[in-house]
Amino acid sequence: MKKLCLKVAAVEQLSPLVKRFRFEDPTGASLPVFSGGAHLTVEMPEGDMIRRNSYSLISDPYDGSGYEIAVRREDKGRGGSLYMHTKVAEGDEITVSVPSNLFQLDLRARKHVLIGGGIGITPFLSQLRQLDMEQKPYELHYAARSREEAAGIRLLPQAAHIHVHISEEGARMDLGAILDGQPLGTHVYTCGPDGLISAVADQTARLGWPKTSVHSEAFTAPPPGEPFDVVVKSSGKTVHVKADQSLLEALEAAKVEIDYSCRGGACGRCHTKVTACDGRILHNDHWLSDDERAAQQDIMPCMSRFKGTRLELDL
Amino acid sequence: MPKTEFSPSIDSRPTYAGLVSQGAAPAIMVADEAGAQALSDLAASDASVMDHAHVVLVGCGASALGDVTPTALHEAPDFDAATPLVTQLLNTARMGTQIYLAGSEGLIGHVSALAFAAGMPVDEIQMEHRGSIARRMQCVHCKGITEDVTTDPFTCAHCGLTLFVRDHFSRRLGVFQGVCVDAETPGVVPEVVEIQA
């Protein structure tokens, strides 16, 4: 994966839990442009391991002068977002991947409806700039618990087609009202908690929307969990996965060769065959089908964990 | 006339699975005379499918539908007359509207291209072939469209080239592609045969 060594040009506190980071080329060179909904993977070296988290880009896709991301501090996470919040400061060097996109707009749509819940607003911040540039009709709905937590408000333009729903103020988002009556050719995109994504899927199915018009991204950092061991079939080596480490990170630290891209269980690149499983795989990805999960013969190491006595991977 | 079974071909060649009721959802239905029978059969399988249906009949009268009574019934003498009406229905339709097309390949191709342009995924359009297997062909050289082509090769109605009938189909235009059959050997043209299903 191609990497870029950039400089942290700005850090800004957007809300009590969310910080915005701007990265620029140290020589001022122009960076590759991207498309709305793209993300990049940030490397966070700590001790002898490198943690990598993916974050949606929130800046203008056509502006190569810098990349911006917004990171929500997850105190119960593995430590990636805490690293970003406590260890990264203006002037630091930082290594990131080139942008890639698993949540692009379908430009055949006649209208786009964007629905973001909480920090799930981030991919839409770049998408709406693309939609403005291409002069495509869209409406954006941003739901947050309180105005204080709604970091996205400061990053959103004020316009009649941008709607903010603050549940604490009694303005809960009404998906039925938003989705019913949209013109033929509308596509809907949802990013946020699983509950929001499944509520949009349920509502659109009830209204008879084609499945191909419904898009979502549940992009989350890997959850921590109980430590476990995994056996690499080719070498017979046992790798220990610590509580605050993902299986992918543990394999990388043990120099086991494995491909990856999104590190959020969405792209399918790290899909690995399981050759022995005595226990239960804790699937946390959005890639495998329900049947594949139940069969326990496949695992997505970027997100999923294991509880049991023996897990052997075809690596 | 029963629904047509076509012989297997390349992936781009459309197949028509037959109309299946999607219930009492808003619907736009377009059929020619042979296709009107498929709409009657559809209504017989589930009467509620006509509860919110706009039916456009091309080249035939309401009697072709039998005793089926949709919400609205429109008649047009040909495609050209039907196009503004179908386009208007598509442009004012909402998400969840179902589209049912029945009749010749020309009708299905023409209207599915209008629906595709209105943002309807082609896979979500209900289609059933009835009647003539004549094709709507585009000349890949002059881009002119010749309707009701029943032989292979045929003469382009616009530029006069002799065109080979391909199974290669454009979903954007709703037409099969016709390619000059004697470009390498001018005047040497294969024997003309009837198009088969």
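**Reading domains, sheets and a helix pair**

Q: Let's start with chain B: into which domains is it divided?
A: Chain B splits into domain 1, covering 27–129, and domain 2, covering 135–194. Keep in mind as we go that this is a predicted model.

Q: How far apart are the centres of those two domains of chain B?
A: Taken over C-alpha atoms, the centres of domain 1 and domain 2 of chain B are separated by 27 Å. As for contacts, eight residues of domain 1 of chain B meet nine residues of domain 2 of chain B. On the domain 1 side, that patch holds three nonpolar, four polar and one charged residues.

Q: What does chain A look like when read that way, and which domains does it have?
A: The assignment for chain A gives domain 1 (3–97), domain 2 (111–217) and domain 3 (228–313). Between domain 1 and domain 2 of chain A, the C-alpha centres lie 24 Å apart. Here 18 residues of domain 1 of chain A touch 15 residues of domain 2 of chain A. The domain 1 side of that contact divides into ten nonpolar, six polar and two charged residues.

Q: And between the chains, how many residues of chain A are in contact with chain B?
A: A bit of background: the size of an interface is often quoted as the accessible area lost when the parts come together. Here we can go by residue contacts instead: 14 residues of chain A are in contact with 14 residues of chain B. Sorted by class, the chain A side has six nonpolar, six polar and two charged residues.

Q: On to sheets. What is the strand order of the open sheet in chain A?
A: Generally, strands of a sheet pair through backbone hydrogen bonds, either parallel or antiparallel. In chain A, an open sheet of five strands reads 13-12-16-14-15, and its pairing is mixed. Its edges are strand 13 (238–241) and strand 15 (298–299) of chain A, each paired on one side only. Look at strand 14 (residues 272–282) of chain A: two bridges tie it to strand 15 of chain A, and the two run antiparallel. There, A:Thr272 sits opposite A:Ile299.

Q: Where can I see a hairpin in chain A?
A: Try strand 3 and strand 4 of chain A, which form a hairpin with two residues between them. Strand 3 spans residues 39–46 and strand 4 residues 49–56, and they pair antiparallel over eight bridges. A:Pro45 faces A:Ile50 across the pair. In the turn, A:Gly47 has a positive phi of about 60°.

Q: Which strands are at the edges of the five-strand sheet in chain B?
A: That open sheet runs 7-6-11-10-9, again with mixed pairing. Strand 7 (145–149) and strand 9 (154–155) of chain B are the edge strands. Inside the order, strand 10 (residues 162–170) and strand 11 (residues 175–180) of chain B run antiparallel, joined by five bridges. B:Val165 stands opposite B:Gly178 in that pair. Helix 3 of chain B packs on this sheet, touching strand 6 (135–139), strand 7 and strand 11 of chain B, and its direction makes about 60° with that of strand 6 of chain B.

Q: At what angle do helix 2 and helix 3 of chain B cross?
A: The axes of helix 2 (residues 79–91) and helix 3 (residues 105–117) of chain B come within 10 Å and cross at roughly 30°. So helix 2 of chain B counts as roughly parallel to helix 3 of chain B. The crossing of these two helices of chain B is right-handed. Helix 2 of chain B brings B:Phe79, B:Val86, B:Thr87 and B:Leu90 to the contact, while helix 3 of chain B brings B:His110, B:Val111, B:Leu114 and B:Ala115. By class, that makes six nonpolar, two polar and no charged residues.

Definitions and conventions. Residues numbered from 1 in each chain as written. Chains lettered and ligands numbered in written order. Predicted model: local features only at pLDDT ≥ 70, side-chain atom pairs only at ≥ 80, totals over all residues. Axes fitted to C-alpha atoms, helices over the stretch in contact; angles between N-to-C directions. Parallel < 35°, antiparallel > 145°, perpendicular 65-115°, else oblique. Left-handed = near helix turned anticlockwise from the far one by under 90°. Contact = placed C-beta atoms within 7 Å. Nonpolar A, V, L, I, M, F, W, Y, C, P; charged D, E, K, R; others polar. Pairing = 2+ DSSP bridges. Domains from an automatic or database assignment.
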